[in-house]
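User: Could you take a close look at the side-chain rings, at what sits over them and how they pair with one another, and then place that picture in its surroundings? Please keep to the geometry and be careful about how far each statement reaches.

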Amino acid sequence: MADIVIRGVRKTFGRGRVAAVDFVDLTVADGELFVLLGPSGCGKTTLLRMIAGLEAADSGSIVIGDREVTTLPPRKRDLAMVFQNYAVFPHLTVEQNIAFGLRMKGGAGAAEITGKVRQAADLVDLGGLLDRRPAQLSGGQQQRVAVARALAVSPSVLLMDEPLSNLDALLRLKFRSDLKRIVHELGTTVIYVTHDQVEALSLADRMAVMREGRIVQAGPPLEVYDHPASTFVGGFLGSPPMNFLPVAIDGVVSPGPRSSEAGSADDGPRAMVGPRGDSFPAPEAMRGWCGRELVAGIRGENMDVLGERAPGTVAGKVLVVEPLGAQTLVTVASQDTEVKVLTAPGYTAPPGGDVWLRPVPDKVRWYDPDSGAELTGP
Ligand code: ADP
Ligand code: MG
């Protein structure tokens, strides 16, 4: 068992400086592939280095499995780390590189080391290249060596800091899926750091989004994607990022018996957009925000682009149409906001043409315009 429990961990550099990691609480389950995502400088590496024991925490505690490791040196923490720069030794062969961690750890005989090296090399598909030196390998193969070296010691915990950022796009894609398969097969607990939101979504069993030294949201990737806890998370996660439309809530109440017609226009609160009276339905829970200005967060794939006005639409003008292959990205100017909509391949519209955007009602998220925090009810 190697779950990781982090409580109140903080780290400042220099006197009186802002905290690089600011009271982080985090629990990673045994065997989980956990991704820490955030922009450059938000404290990901510092947090990882504290877990590894390469950096001392100012306060807080770190428990791995059943052991408090907060003040233990790295070699006593039963973990391995893979960094962004492959950190393979150029003068050693692949085999010697992979064996390096095992030799450092000590306690294993030559035959055992050979066996473990072969096993690790096979896992990352380097079995045929054991006699090569790093200069004879591609970037992706060198990074595989670094991963194999980490796996060979059978660590309870594997820490990875942006391990794929030096690889080109195709290799990254291949390596990403291989890595996910391998660590799940081994059942190793992994904390994986990245600033790449696609990598986070595709790899993570669970993920946390960091900002300025704090964790601002944690959960399964699709949950975080579908329900960002703030405009920061919605804007950071997703390509294109979530759209944010300023709206005012109008608590229309229909007189008399309610219309049973689905999508009826006069049935409950509306999100009013701009001065022209465009609006789309808002959930009953938003009635309490009547008269207030809010921000509606809508993902590009949760809007239809229509060629004519219809109930529940917001008018706009096409700025640019970008075919992406599997989808088409349409940028629409609407009420001084640039809205990015993902639509079907083959979609065309002339720049400057009138369009109407129709949000999928239950996919709209609601945010406080000042704090950016998600609103659920008043
Ligand atoms: P990330 O990995 O998310 O890019 P880091 O953990 O490397 O972020 O850095 C977090 C913050 O701490 C940054 O503002 C960075 O400048 C600062 N920092 C990191 N390491 C040191 C250090 N050794 N000395 C001083 N400041 C540091
Ligand atoms: Mg970093």
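Analyst: Arg144 lies over the face of Phe175, at 4.9 Å from the ring centre. The model is a predicted one, and that applies to this arrangement as it does to the rest of the description. A second case of a charge over a ring involves Arg299, which is placed over the face of Tyr225 with 3.8 Å to the ring centre. For each of these two cases the criterion is that CZ of Arg is within 6 Å of the ring centre and within 35 degrees of the ring normal.

Turning from charges over rings to rings beside rings, a pair of aromatic rings is described by the distance of the centres and the angle of the planes. If rings are taken to pair when their centres lie within 6.5 Å, the count comes to four aromatic pairs. One of them joins Phe232 and Phe236, whose centres are 5.9 Å apart and whose planes make an angle of 10°; because planes under 30 degrees apart count as stacked, this pair is stacked. Phe232 and Phe236 belong to helix H8 (residues 231-236), where they are four residues apart and therefore separated by about one helical turn. Phe232 has a relative accessible area of 19% and is buried, the limit for that class being under 20%.

Another pair, that of Phe244 and Tyr367, has ring centres 6.0 Å apart and planes at 80°, so it is edge-to-face. In sequence this pair reaches far beyond a single element, since Phe244 lies in strand S11 (residues 243-250) and Tyr367 in strand S20 (residues 365-367), and it ties together parts that are 123 residues apart. The partners also fall into separate accessibility classes: Phe244 is partly exposed, with a relative accessible area of 24%, whereas Tyr367 has 0% and counts as buried.

What lies between helix H8 and strand S11 in the chain? The loop between H8 and S11 holds Pro240, and the peptide bond from Ser239 to Pro240 is cis, with omega near 0°. Backbone geometry of another kind appears in two further loops. Ser154 has a phi near 45°, a positive value in a residue other than glycine, and its place is the loop between helix H4 (139-152) and strand S7 (157-161); at a relative accessible area of 47%, Ser154 is partly exposed. Glu212, likewise not a glycine, has a positive phi of about 45° and sits in the loop between strand S9 (206-211) and strand S10 (214-219), where Glu212 is exposed, with a relative accessible area of 61%.

The surroundings of ligand 1 bring in one more aromatic residue, Phe13, which is listed in its shell together with Ala20, Pro39, Ser40, Gly41, Cys42, Gly43, Lys44, Thr45 and Thr46. By class, the residues of this shell are four nonpolar, five polar and one charged, and helix H1 (residues 44-52) gives the most to the shell, with three residues. Three polar contacts can be described here. A polar side-chain atom of Thr46 is 2.5 Å from an oxygen atom of ligand 1, an N or O atom in the side chain of Lys44 is 2.8 Å from an oxygen atom of the ligand, and a polar backbone atom of Cys42 is 3.2 Å from an oxygen atom of ligand 1. Of the 560 Å² of accessible area that ligand 1 has on its own, the protein covers 56%.

For the setting as a whole, the protein has eight helices and 20 strands, and buried residues make up 48% of its 378 residues. The C-alpha trace spans about 85 × 45 × 40 Å along its principal axes. Two separations give a sense of scale within that trace. Asp122, in helix H3 (residues 110-123) and exposed at a relative accessible area of 53%, has its C-alpha atom 49 Å from that of Val305, with their positions 183 residues apart along the chain. Pro73, partly exposed with 30% relative accessible area, belongs to the loop between strand S5 (67-68) and strand S6 (79-82); Pro73 and Gly107 are 34 residues apart in sequence and 18 Å apart in space, C-alpha to C-alpha.

How values were computed
Residues numbered from 1 in each chain as written. Chains lettered and ligands numbered in written order. Predicted model: local features only at pLDDT ≥ 70, side-chain atom pairs only at ≥ 80, totals over all residues. Heavy atoms only, no water. Phe/Tyr/Trp six-rings, centres within 6.5 Å; stacked < 30°, edge-to-face > 60°. Helix = DSSP H or I, 4+ residues; strand = E, 2+ residues; numbered from the N terminus. Buried < 20%, exposed > 50% of the residue type's maximum accessible area, 1.4 Å probe, protein only. Near = heavy atom within 4 Å. Polar contact = N/O pair within 3.5 Å; in protein donor to acceptor, adjacent residues only side chain to side chain. Areas by Shrake-Rupley, 256 points an atom, 1.4 Å probe, with all protein chains shown as cover. Nonpolar A, V, L, I, M, F, W, Y, C, P; charged D, E, K, R; others polar.
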